[in-house]
Each structure stands twice: as C-alpha cells, then as structure tokens.
Amino acid sequence: MAPITEVEGRRVALSNLDKVLYPEDGFTKGELLHYYATTAQVLLPHLRDRPVSFLRYPDGPDGQLFFTKNVPPGTPDWVTTAEVPRSEGPARMVLVQDLATLMWAANLVTEFHTHQWTADDPGEADRLVFDLDPGPPATVVQCCEVALWLRERLAADGIEAYAKTSGAKGLHLLAGVRGASSERVSEYAKALAVEAERALPELVVHRMTRSLRPGKVFVDWSQNAARKTTAAPYTVRARSVPAVSTPVTWDEVAGCGRAEQFVFRAADAGARVRNHGDLLAPLFDRRRAAALP
C-alpha cells in the first residue's frame, strides 16, 4: 500500500518515494515530489484554469515516455476537470487547481504541459509563445540572440515578452495577449518567425524541416495552435538531469555566453524564487495583455 498523505484536506497516495528517477544525479521520486510541494506557490498560477497534458515518465527519462491528455483512469473524484473542444469531438482534461491536485499529478511522474488558452474561454488565446529550438552545433546561446531580436520586434507592436528556459536545449518566449483566437495568434507568430529569418538568415529558420536546422535556431511558432501545448513554467523535464523550465531575466539572456549558464536543476529553484520571485508574474496582469496589431 502506498502511504497516504493529507494535502489541504485531501487524501493523496504517494508511492515509491525512494525510487531513483534520474540516475545521473541520484534524484528520487521523493525529491521530485518535494520540489513540486515547495514550488507550488509559483507553479500553480501557471497551471490553474488551463487544461493540462501530462507527459509521463514513471520509470525515469530513460524509460517509456507517453502523453496523457484525457483524464487518466483512477483520477480522484475531487480533481477538477473540464470539457475541451477537439476536432474529433469534446474531451475531458484535468485542471490542476490546487496543491492536492498538483501532488496527485506529480505522483504520476509527469511533465506539465498547458495550452495558450483557459478552460472558460477556449476560443480566445491569452498567451503567445515562441519555442526557440537550437539545431546543433547551435545552443541556447544562439537562442538568446534570437530572443533579444524577437523581444525588440514584439515591443514595436506593443507586446511585452518574457523568457524562460525550456528545461531542455532551448528557450521559450511568452507574452500576454487579448482579443484574438489561437488561429490569429498563430498567424501573427508565424509572420514574426518569417521576419526573424529574413533579418537573421544565418541564425534563424522558421520551418521545421530537419535538413534546414543544423547550426540554426528553429523559431517554432506553431505551439500557438489551439490543439498544442507547451511545457509549463517550473515543470521538471524528462531529461538526463532534473532540469526545470526556469524563468530568466533579460539581463541573463543578454549575458548568456555558455549553454551551461541556462541549465537550472530542481535544487536551484528555491534560491531563484527567493531572489527573483516569479519573473513571469506580469503575465497574470490582464491590463498588460496586448491586442495584436
């Protein structure tokens, strides 16, 4: 029997706490759950009201990885769910609204991925995202160069951008938007990706074609599509080490000279939150959300 822990009045089974998930670090499932419990105050606002896709890796990143988009079997009846539109017909997805749900989900051993819209208004996007993915030998250093260009270009349209590491190889840019569908946001993001490729032809590619990507940064605009999700801020990734998708300052982006500077592990998160707070908190201020030009 898995031990039962009471979390905010809910009974949550937490299992296999000594299981090593990341052999390179010796990082255990218990340490993963502790990370989520202690980071909940900054993570939960980024999950709340957004249907969540789980990228599960119960045997660690070297084991099987699989997406769970619908409500998983065995989900407690107190977990909030929402009906979401899909091309093949409506489905139900989990909403991670509180600490108890976060700990239940974290016990599944999962990355948290969210849409750029909320469950109460799936027809309107409230986020714009760019996923900057480097093709070797390019690294996150080159992603930072592209991010600075995109930040300036977005600002010219009155859109304020924020950055976070992907927790993998690249960088994510996020912005608050209003008054547009996911389709319209996707069109705008694609236009900027094409513009970035024209401005930085030796550095940027806007198409996913693998043969075009070595040594360049793929500006992935497609994650703005209503059906797609992006790794949430503060999620731990299924990589060789427990790397976290971590918000970063623009000074850090401008000063990035080595890829190692942008590898933040779960153990680093507490100090960064104490020092910086949530660098993405302005995204929750709807007065700062911009209308697309």
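Start by selecting helix α2, residues 99-106, which is mostly covered: seven of its eight residues are buried. Keep in mind as you go that this is a predicted model. To see the covered part, show the side chains of A100, T101, L102, M103, W104, A105 and A106, the buried residues of α2.

What do the buried residues of α2 pack against? Colour these elements one by one: the strands β1 (4-7), β2 (10-13), β5 (51-56), β8 (91-95) and β9 (110-114), plus the helix α1 (29-47). Together they are the packing partners of those buried α2 residues.

**Next stop: the largest pocket**

Now select D131, D133, D220, Q223 and R237. Of the 26 residues that line the largest pocket, these lie nearest its centre. The pocket itself has a volume of about 540 Å³.

Which strands should you highlight around it? Try β10 (125-134), β14 (217-220) and β15 (230-231), since each supplies at least two residues of the lining. β10 gives the most, with three residues. If you colour the lining by class, you'll get eleven charged residues, eight polar and seven nonpolar.

**Stay with D133**

Keep D133 on screen and add R213. These two form a salt bridge, and their closest N and O atoms are 2.6 Å apart. D133 lies in strand β10, while R213 sits in the loop between β13 (204-205) and β14, so the pair ties together parts that are 80 residues apart in sequence. Are the two partners buried or exposed? Switch on the surface and check: both D133 and R213 are buried.

**More salt bridges**

The structure holds 13 salt bridges, so there are others to look up. Go to D25 and R265, whose side chains meet in a salt bridge at 2.8 Å, N to O. This pair links distant parts of the chain, 240 residues apart. D25 is in the loop between β3 (20-22) and β4 (27-28), and R265 is in the loop between α5 (250-254) and α6 (266-276). With the surface still on, find D25, which is partly exposed with a relative accessible area of 35%. R265 is also partly exposed, at 32%.

Then move on to R272 and E252. Here the closest N and O atoms of the salt bridge are 3.0 Å apart. This one runs from helix to helix: R272 is in α6 and E252 in α5, 20 residues apart. R272 is buried, because its relative accessible area is 12% and buried means under 20%. E252, at 23%, is partly exposed. For a salt-bridge group with shared partners, select R50, D126 and R127, which are joined into one network.

**Last stop: the second largest pocket**

Finish with the second largest pocket, where about 260 Å³ of space lies. To outline it, select K69, V84, P85, R86, S87, E88, M93, H115, W117, P122, A226 and R227, which line it. Colour this lining by class too, and you'll find six nonpolar residues, four charged and two polar. Flip back to the largest pocket to set its lining beside this one: seven nonpolar, eight polar and eleven charged.

Methods:
Residues are numbered from 1 along each chain as its sequence is written. This is a predicted model: local features need pLDDT of at least 70, side-chain atom pairs count only at pLDDT 80 or more; totals for chains, interfaces and linings use all residues. Side-chain values use heavy atoms; hydrogens and water are left out. On a 1 Å grid over the protein atoms alone, a cavity is a set of points where a 1.4 Å probe fits but cannot get out, and a pocket is an open set with protein on both sides within 12 Å along at least five of seven lines; lining residues have an atom within 4 Å of a point. Grid points are joined across faces, edges and corners, and a volume is the space filled by probe spheres set on the points. Helices (H or I, at least four residues) and strands (E, at least two) are DSSP runs, numbered from the N terminus. Ala, Val, Leu, Ile, Met, Phe, Trp, Tyr, Cys and Pro count as nonpolar, Asp, Glu, Lys and Arg as charged, and the others, Gly among them, as polar. A salt bridge is a side-chain nitrogen of Lys or Arg within 4 Å of a carboxyl oxygen of Asp or Glu. Buried means under 20% relative accessible area, exposed over 50%, partly exposed in between (1.4 Å probe, protein chains only). Contact means heavy atoms within 4.5 Å.
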